[in-house]
Amino acid sequence: QVQLVESGGGSVQAGGSLRLSCVASVNIVGRYCVAWFRQPPGKEREGVAVISEGGGTTYLASVKGRFTITQDAAHNTLYLQMNNLKPEDTAMYYCAAGGLFRSSEYCYARQDVMNFWGKGTLVTISS
């Protein structure tokens, strides 16, 4: 069983930056897709960024060029660097892992293959 714990959320003004972290209880780098999803208030959950076991990445179109997903195998940690934040980025952000040996595109499109989820960290962007 993989446990994921997110941190780093908060409230910032538009144009600001945040870095989210997700610590895994076991080493998942090189095996699973690891990803960030978000659920804006009153909306469905959507993929934000995925990194595959091979290092490939897939991003939500609206965050490309602003968000960067990275992972630190030595510390079993996934990061999401978020720059130039906008009010529409306001959401609960979730870390997830799954999709054993799948591509980032596959994992991005198939939330159902993400077997492990964190409890989320709230990001609020004010205008």
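Two residues are said to be in contact here when heavy atoms lie within 4.5 Å. With that in hand, let us walk through this structure, which is a predicted model.

A good place to start is C107, a residue of helix α1, which spans residues 104-109. Its relative accessibility is 0%, and because buried means under 20%, C107 counts as buried. What is C107 in contact with, once its neighbours within four places in sequence are set aside? The partners are C33, F37, V50, G98, G99, R102, V113 and M114. You can also look from C107 towards G47: these two are 60 residues apart along the chain, and their C-alpha atoms are separated by 9.2 Å.

Now turn to the sheet. Four strands make up an open, antiparallel sheet, and they run in the order β1-β3-β8-β7. The edges are taken by β1 (4-7) and β7 (67-72); each has a single partner strand, so one side of each is left without a neighbour in the sheet. From one strand to the next, the twist averages 15°.

Let us follow the edge strand β1 a little further. Its pairing with β3 (residues 18-24) is antiparallel and extends over four bridges. Within this pairing, L4 has A24 of β3 as its bridge partner, while E6 stands opposite C22 in β3.

Which side chains of β1 point to which face? In a regular strand, side chains alternate between the two faces of the sheet. Along β1 this alternation can be seen: L4 and E6 point to one face and are buried, whereas V5 and S7 point to the other and are not buried.

Notes. Residues numbered from 1 in each chain as written. Predicted model: local features only at pLDDT ≥ 70, side-chain atom pairs only at ≥ 80, totals over all residues. Heavy atoms only, no water. Pairing = 2+ DSSP bridges. Helix = DSSP H or I, 4+ residues; strand = E, 2+ residues; numbered from the N terminus. Axes fitted to C-alpha atoms, helices over the stretch in contact; angles between N-to-C directions. Buried < 20%, exposed > 50% of the residue type's maximum accessible area, 1.4 Å probe, protein only.
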